[in-house]
Amino acid sequence: MLKPIVHDWDERYLDLSISKSSLIAFDLDNTLACSKKPMLAPMAEVLSNIVNIMPVAIITGGCLSLVKSQVLDVLVQGTRLDNLHIMPTNGTSYYRVDNNKLFKCVYEHRIDVEQAQIVVDVIRKCAKQMGIWKEPGDQMLWGNQIENRGSQITFSALGQLAPVEYKKAWDPDGVLKNQLAQSIAKLLPNFAVRSGGDTSVDIYRRGDDKAQALRMLAEYCDFNINSITFIGDRMSPGGNDYPVAFTGALAVRVENPSDTLRLCVRVLSYLR
């Protein structure tokens, strides 16, 4: 296995190296946009310009409908959607999209019903033991805490629809989230358990992580994985972006969408 190498977004000459990539892959939440929110107009414009020049992948823990609302619906009209590779649920599914916004599923690695119920029961048990399980009617609960996304099951401590400011304040150092992930992992040895967004933990079949998604994408596109860049905010051990640092791809760490925007503006200046 390769040693993990992670680069900070503002390293000198990194923008030039990224501009020479065969494909740029992005995480979504807290990388291209705030959690569950559409990209802001400046990010949408810059990303549209990049997509018109070179292949781009979105590899996110979120579901397909979120990719549509956060990215596709706000891209500049006329953007070359056929240049996009959409990989929701940590790349456990893969879609291509044409310029009419019609999706074609390339693959989807679903968790079967029986296994999914086991995962849900374990999440609930561990969350209750930690005192972070919420019953319906709780004033600090916005939507379901557990969502079965088919190929991935996600726990969100405050619910799927929690306001961003509450998500940011819930566990700023990631202590609770990491403790929950470790507890779940001990009881589910056949699954991968990773820290997702600010309040979320993602569970999916072992091996079905963003590193595997990037390898499969490289094979599908006939690119050397060393020529691919991945940009994400969860680039520390336990984060769902971190596995890509072991692939040989150029792994780039950002803290928020503002970092991503500044980096993409610099990259775009070399591409034009």
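This is a selection-by-selection tour of a predicted model, starting in its main nonpolar core and ending at a buried aspartate beside a pocket residue.

**Stop 1: helix 2 and the core around it**

Select residues 41–51, which form helix 2. Its buried residues are Met-43, Ala-44, Val-46, Leu-47, Ser-48, Ile-50 and Val-51. Now show what lies over them: the cover includes strand 2 (23–26), strand 3 (56–59), strand 4 (84–87) and helix 8 (257–271).

Widen the selection to the largest nonpolar core, which has 36 residues. The members that touch the most others are Phe-26, Met-39, Leu-47, Ile-50, Ile-58 and Leu-84. Two or more residues each come from helix 1 (14–19), strand 2, helix 2, strand 3, strand 4, strand 5 (93–97), strand 12 and helix 8. Which element gives the most to this core? Helix 2 does, with 6 residues.

A second core is separate from this one and has 22 residues, among them Ala-116, Val-119, Val-122 and Leu-180. Keep Val-122 labelled for a distance at the last stop.

**Stop 2: Met-39 and Gln-70**

Return to Met-39. Beyond its close sequence neighbours within four places, Met-39 is in contact with Leu-32, Ala-33, Ala-44, Leu-47, Gln-70, Val-71, Val-74 and Leu-75. Two of these, Ala-44 and Leu-47, are buried residues of helix 2.

Next, select Gln-70 in helix 3 (residues 64–70). Is Gln-70 buried or exposed? Its relative accessible area is 1%, so Gln-70 counts as buried. Where do its polar atoms go? The side chain of Gln-70 reaches the backbone oxygen of Cys-34 at 3.4 Å, and a polar atom of that side chain lies 3.0 Å from the backbone oxygen of Lys-37. Leaving aside neighbours within four places in sequence, the contacts of Gln-70 are Leu-28, Asp-29, Ala-33, Cys-34, Ser-35, Lys-36, Lys-37, Pro-38 and Met-39.

**Stop 3: Lys-36 and the cavity**

From that list, pick Lys-36, in the loop between strand 2 and helix 2. Lys-36 is partly exposed, with a relative accessible area of 23%. Its phi is near 65°, a positive value in a residue other than glycine. Most residues other than glycine have a negative phi.

Lys-36 also leads to enclosed space. Rolling a probe the size of a water molecule over the atoms shows where empty space is left. The count comes to 1 cavity of 30 Å³ or more, and the largest cavity holds about 220 Å³ of space. Of its 23 lining residues, the closest to the centre are Asp-29, Lys-36, Gly-196, Gly-197 and Ser-200. Strand 8 (153–156) and strand 10 (200–205) each supply at least two lining residues. What is the make-up of this lining? It divides into 1 nonpolar, 12 polar and 10 charged residues.

**Stop 4: Arg-149 and Thr-89**

Move to Arg-149, in the loop between strand 7 (146–148) and strand 8. At 11% relative accessibility, Arg-149 counts as buried, because the cut-off is under 20%. Not counting residues up to four places away in sequence, Arg-149 touches Lys-36, Gly-61, Gly-62, Cys-63, Thr-89, Thr-154 and Gln-160.

Thr-89 is worth a separate selection. It sits in the loop between strand 4 and strand 5 and is buried at 3% relative accessibility. Like Lys-36, Thr-89 is a non-glycine residue with positive phi; for Thr-89 the value is about 45°.

**Stop 5: the largest pocket**

Turn to the open space. The largest pocket has a volume of about 400 Å³. It is lined by 21 residues, of which Pro-172, Lys-177, Asp-198, Asp-233 and Arg-234 are the closest to its centre. Helix 5 (164–170) and helix 6 (175–187) are the elements that give two or more residues to the lining. The lining divides into 4 nonpolar, 7 polar and 10 charged residues.

**Stop 6: Asp-241**

Finally, select Asp-241, in the loop between strand 11 (228–232) and strand 12 (250–253). Asp-241 is buried, with a relative accessible area of 0%. Which residues does Asp-241 touch, not counting residues up to four places away in sequence? They are Asp-27, Lys-210, Phe-230, Gly-232, Asp-233, Arg-234 and Met-235. A polar contact of 2.6 Å joins its side chain to that of Lys-210. The Asp-241 side chain also reaches the backbone nitrogen of Asp-233 at 3.1 Å, and Asp-233 is one of the residues closest to the pocket centre.

For the distance, use the label on Val-122: its C-alpha atom is 24 Å from that of Asp-241, with the two positions 119 residues apart along the chain.

Terms used: Residues numbered from 1 in each chain as written. Predicted model: local features only at pLDDT ≥ 70, side-chain atom pairs only at ≥ 80, totals over all residues. Heavy atoms only, no water. Helix = DSSP H or I, 4+ residues; strand = E, 2+ residues; numbered from the N terminus. Buried < 20%, exposed > 50% of the residue type's maximum accessible area, 1.4 Å probe, protein only. Contact = heavy atoms within 4.5 Å. Polar contact = N/O pair within 3.5 Å; in protein donor to acceptor, adjacent residues only side chain to side chain. 1 Å grid on protein atoms, 1.4 Å probe; cavity = no way out; pocket = protein on both sides within 12 Å on 5 of 7 lines; lining within 4 Å. Points joined across faces, edges and corners; volume = space filled by probe spheres on them. Nonpolar A, V, L, I, M, F, W, Y, C, P; charged D, E, K, R; others polar. Core = buried A, V, L, I, M, F, W, Y, C linked by side-chain atoms within 4.5 Å.
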